[in-house]
Amino acid sequence: MSVTSVAEQWVEQAAGLTRPSRIVWSDGSKAEYESLIESMLKDGTLLPLNPRTYPNCYLHRSHPQDVARTEQLTFICTRERDDAGPNNNWMSPEDAKEHAGGYLRGAMRDRTMWVVPYLMGPAGSSMNRVGIMVTDSPYVVASMHIMTRVGPVALQHMRSDDDFVAGLHSLADLSPERRLILHFPEEKLIWSVGSGYGGNALLGKKCHALRIGSWQARQEGWLAEHMLIIGVEDPEGEVTYLAAAMPSASGKTNLSMAISQLPGWRVWTLGDDIAWMHVDALGQLRAINPERGFFGVAPQTSERTNPNAMAMVRSNTIFTNVALTPSKEPWWEGMTPEPPAGLVDWQGRPWTPGGAPAAHANSRFTVLAQQCPSIAPNWEDPEGVPISGIVFGSRRTRTVPLVSEGFDWTHGVFLGASMTTETTAAITGQVGVVRCDSMAMLPFCGYNMADYFTHWLDTGPRLARPPRIFRVNWFRRDAEGRFLWPGYGENVRVLRWMVERIRGQTGADETPIGYVPSAGALELDGLDMPAERLRETLRVDRDEWRESLDETDRFFAPFGPRLPGQITASLADTRRRFV
Ligand code: OXD
Ligand code: MN
């Protein structure tokens, strides 16, 4: 299929507003990528890294005030305010367009407007979706090449003339005062102005695959989730697929690429951030990764925490806001125990140890998924993979045990809805502030989250064998503040317990919050884990939980009567079980 008249009209409209000097349709080819890189090297948007040790790798330094997602400037623009819900900032579509229209009018004057048709999901899959974005940022076009499938392949997958999510992106003047990230789910439309940062500007990712995607998923009966996808292979070679939601800074990318410390077991990577999940004709939940690459956080990635990621970023990678060594290699906090001498910080200034971090805390790498040594051979299977377990992560010093399993689908949805995370000193200066982040979707759900919980609850009965739902917390600490569980590759021991639960092969003890592994059920061979310490990692404490359930109650309150009765009932049942 060639460009449709609807798409052409939309591009004309976008050009009419932004007035570019030139319009170029992106073809997604290698030659196009190379010429984008060349032009960015010429104008200083990219710096070359050491071609011997980091071939085809580049460093991009963003505007210092444009380094992260800006949730306060992100809006869901539905006709009815309640459809966006208390979980979103809301603006009426008219106000939003008037406001942002002012920033966008003439914003591409003397610039090239790239038209980027992109496909989210593997070619040939009934679960994939098309977007067409326009942008005046070559960095965004090159990054879209890595993160999505760009070019004719996208247009070929349109199922009708208007079967695409339209995205208008302009850097404009990059001013935070004139920045807005707007979603119009009723029009399948995104407007993003004033930011070149990935989460704001690579429109396929958070804007399309999660915010507009979650809206479409509810209408069409599927799930668009902020989840990694992994395959856990047992010693006999059988693979069980899991999807997992984790709040930020909870080791999601690390888990998706974990190297098993448990002999005979291995983890296959299918995705590190987003899962689109559909119920197939047999009632099986199946997941695809809509993305083609990883846009991962660099700091704390190391040979110890994630050797697969370290290997995959050694070539063909765009780094953003990392520090630079004198031999033109990237560096970030946590990469090596000691910083190398002579670093230049993320803003290009000579760096002195002991001051501000050399790499920005949200510095990133952008790289094709196929470069990951643990990428699953079937990660682009158009049919997706069958999901047997769903995992909700918490980051909590106290209260939440290492692992537990929900009683059933409804209880599992409650576990996801009441997911919590704790801020660290690095984030707020105040340790231990507990926040609710339902299904890790709080910043990404494109509609009222009460309706999102209802949609999850409604999905259960459509499944022949609903996946088991688990909750994990790798971050519980002892009285001295030490982590109780070693984490990283040892987390595979927990994954193994999940797989054995799914297969009905292992035991569990019932607690008020769900099932926890019974004595001996977690494989601990080779691990220094005295019985007392294990008990502490799995302990369910009545007083801690009562406090936590009060927090959950406070989080649910703004949703009012729209909150599904089953969620309220699950909370009340949990309270009752603690009496
Ligand atoms: C991400 C995020 O970049 O969740 O994946 O912010
Ligand atoms: Mn994410």
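Me: What is the volume of the second largest pocket in this predicted model?
Reply: In this predicted model, local features need pLDDT of at least 70, side-chain atom pairs count only at pLDDT 80 or more, and totals for chains, interfaces and linings use all residues, while side-chain values use heavy atoms, without hydrogens or water. A pocket is an open set of points on a 1 Å grid over the protein atoms alone where a 1.4 Å probe fits, with protein on both sides within 12 Å along at least five of seven lines. Filling these points, joined across faces, edges and corners, with probe spheres gives a volume of about 380 Å³.

Me: Which element gives the most residues to the lining of the second largest pocket?
Reply: The lining (residues with an atom within 4 Å of a point) holds 16 residues, with Lys 30, Tyr 33, Glu 34, Asn 316 and Leu 368 nearest the pocket centre. Two elements, α2 (30–43) and α5 (138–147), give two or more residues each; helices are DSSP runs of H or I of at least four residues, and strands are E runs of at least two. With five lining residues, the greatest contributor is α2.

Me: Which residues surround ligand 1?
Reply: Residues are numbered from 1 along each chain as its sequence is written, and chains are lettered from A and ligands numbered from 1 in the order written. Oxygen atoms of ligand 1 lie 3.0 Å from a side-chain N or O atom of Arg 69, 3.3 Å from one of His 226 and 3.0 Å from one of Arg 364. The surrounding residues (a heavy atom within 4 Å) are Arg 69, Lys 206, His 226, Asp 273, Arg 364 and Phe 444.

Me: How many residues apart in sequence are the parts tied together by Lys 206 and Asp 273?
Reply: The manganese ion (ligand 2) has as protein donors Lys 206 (NZ), His 226 (NE2) and Asp 273 (OD), 2.2 Å away; donors are N, O and S atoms within 2.8 Å of the metal, or 3.2 Å for Na, K and Ca. Their spacing in sequence is K-x19-H-x46-D. Because Lys 206 sits in helix α8 (residues 204–220) and Asp 273 in the loop between β15 (266–271) and β16 (275–279), the separation of the parts they tie together is 67 residues.

Key. A polar contact is a pair of N or O atoms within 3.5 Å; within protein, one must be able to donate a hydrogen and the other to accept it, and residues adjacent in sequence count only if both atoms are side-chain atoms.
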